[in-house]
Amino acid sequence: MISFVQDTTQTGTGETTAYDSVWAHTGVPVQQPKGFEQVMLSEDKLYVVLAVVLIIWFGIVFFLFRTDRKIARLERSVEKGIPVEHPDHG
Amino acid sequence: MARPGVNLKLYRNARVIVVVWMTAVLLAAFLLRIPRIHILEHTARNLYFHVPMWFTLMAGMIVSVYHSIRYLGTPDLVRDVRAAAAARVAVLFGLLGLTTGIVWAHYTWYQGTGLWWNFDPKQSMAAVELLIYGGYFVLRSTIDDPQKRARMAAVYNIFAFVTMPFLLYVLPRQMESLHPGAEGNPAFSQITAPIMRAVFYPAIIGFFGIFWLLYTQRVRLALIKQRALGDVEL
């Protein structure tokens with residue numbers, strides 16, 4: 001495990017603490033960004049925010065689809081008069 | 001209300017409000033100008049998305065454990081349905097919180113290292129917490145008798161809930177972490193621009209709203225299903 005947390009007691013000046021770049025480039029192996037990573041880091045990393053929003057969006061959509069599938073299964077059971085299965089398995 | 005059913009009128013109105021509200025939050029999240037800070041740059045905006053995931057997990061689990069406790073008081077299966085649905089949606093938000101955190105860290109603090117996971121204490125504890133809740137659903141699926149399942153699940157749920165403050169809030173603050181919190185506030189660090197709170201708090205409310213919609217949908221479905229099962233008590 002690489003430590004990314006700056007010792008704020010020594011270099012912290014209030015405004016530049018744990019999230020400043022002062023510490024990040026010390027002792028950390030630096031690989032040059034290329035390809036997809038370069039895209040993600042462009043525009044001041046705005047695309048990282050887009051990625052995060054998309055992850056949440058797809059997570060919610062995934063959940064909606066699961067609910068939808070449960071509804072469809074229940075509909076089929078009710079129409080055919082088949083006993084409904086365990087509530088947790090639907 | 002005597003029976004803890006679903007208020008459909010409230011649900012339909014809330015649906016509209018949540019959609020409008022979240023649209024405004026999304027616009028503000030991207031359009032509001034924020035001070036530039038190193039490493040984070042625009043990703044500071046993830047405060048509006050990543051952090052509310054965990055607030056929603058916590059809120060959802062409070063809803064879940066509330067219904068579990070109520071079930072143990074009066075064995076009404078609607079309580080069990082609500083506890084399970086709330087936990088399920090809460091876990092969804094937990095997984096989203098974990099995933100967004102991984103992506104966020106990879107392109108900021110871990111940039112240049114190629115790392116996706118570096119055992120940040122809070123992140124690891126959150127993963128453990130989600131596994132504990134995974135156990136809740138495994139337990140549920142192994143018991144067929146509804147009343148017995150509800151009782152066992154309620155007891156386990158209380159145990160799982162009790163571990164959460166320690167795993168997510170107490171322990172990570174004792175260790176070196178990228179997450180703020182050691183200073184006292186779990187969401188903000190000293191360099192979080194005050195203006196960001198104007199979007200952050202509405203974002204939390206909006207995600208609570210989304211949680212409530214997804215949760216209510218599941219509750220409605222489960223109640224219909226239980227009626228179809230012929231459970232006269234419902």
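These legends walk through several close-up views of a predicted model with chains A and B.

**View 1. Chain B, a chain of helices.**
Welcome to chain B, whose secondary structure comes to six helices and zero strands. Following the sequence from start to end gives the pattern α-α-α-α-α-α. Along the principal axes, the C-alpha atoms of chain B fill a box of roughly 60 × 35 × 30 Å. How does the radius of gyration of chain B agree with that of a compact globule? A compact globule of 234 residues would have a radius of gyration near 17 Å, and the 19 Å of chain B agrees with this. Buried residues account for 43% of the 234 residues in chain B. Take the contacts in chain B between residues at least 6 apart in sequence: 78% of them join residues at least 24 apart.

**View 2. Helix H3 of chain B, largely enclosed.**
Here the view moves to H3(B), a helix of 31 residues. At 1.5 Å a residue, H3(B) should span 45 Å, and its end C-alpha atoms are 46 Å apart, which agrees. Is H3(B) largely enclosed or largely open? Because 26 of its 31 residues are buried, H3(B) is largely enclosed by the rest of the structure.

**View 3. Ala87 of chain B and its contacts.**
Look for Ala87(B) and the residues around it. Leaving aside neighbours within four places in sequence, Ala87(B) is in contact with Met61(B), Ser64(B), Tyr133(B), Tyr136(B) and Asn157(B). One of these partners, Asn157(B), is also among the buried residues of H5(B).

**View 4. The largest nonpolar core, shared by both chains.**
In soluble globular proteins, nonpolar side chains tend to be buried together. The largest nonpolar core in this model has 66 residues, and Val52(A), Ala87(B) and Val89(B) touch the most other members. Two or more residues of this core come from each of helix H3 (36–80) of chain A and, in chain B, helix H1 (8–31), H2, H3, H4, H5 and helix H6 (197–228). Which element gives the largest share of this core? That is H3(B), with 17 residues.

**View 5. Helix H5 of chain B, with a bend.**
Helix H5 of chain B covers residues 146–170. Its 25 residues should span 36 Å at 1.5 Å a residue, which agrees with the 35 Å between its end C-alpha atoms. Where does H5(B) bend by about 30 degrees? The bend is at Thr163(B), and a proline, Pro165(B), follows within four residues. The buried residues of H5(B) include Arg149(B), Ala153(B), Phe161(B) and Leu168(B). Buried residues of this helix pack against helix H2 (50–73), helix H3 (77–107) and helix H4 (121–142) of chain B.

**View 6. Val170, an exposed residue of helix H5.**
Val170(B) also belongs to helix H5 of chain B. Is Val170(B) buried or exposed? Val170(B) counts as exposed because it has 11 C-beta neighbours inside 10 Å, and the cut-off for exposed is 12 or fewer. Lys122(B) lies 48 residues away along the chain, with 9.6 Å separating the C-alpha atoms of the two residues.

**View 7. Chain A, and how confident the prediction is.**
Chain A comes to three helices and zero strands, in the pattern α-α-α. Buried residues make up 16% of its 90 residues. The average pLDDT of chain A is 73, and 57% of the residues score at least 70. Over residues 7–25 of chain A the pLDDT is below 50, and this stretch has 29 contacts in the model beyond near neighbours in sequence.

Notes: Residues numbered from 1 in each chain as written. Chains lettered and ligands numbered in written order. Predicted model: local features only at pLDDT ≥ 70, side-chain atom pairs only at ≥ 80, totals over all residues. Rg over C-alpha atoms; globule rule 2.2 N^0.38 Å. Buried ≥ 20, exposed ≤ 12 C-beta atoms within 10 Å, placed from the backbone. Contact = placed C-beta atoms within 7 Å. Expected span 1.5 Å × (residues − 1). Bend = angle between axes of the 7 residues up to and from the residue. pLDDT = per-residue confidence, 0-100. Core = buried A, V, L, I, M, F, W, Y, C linked by C-beta atoms within 7 Å.
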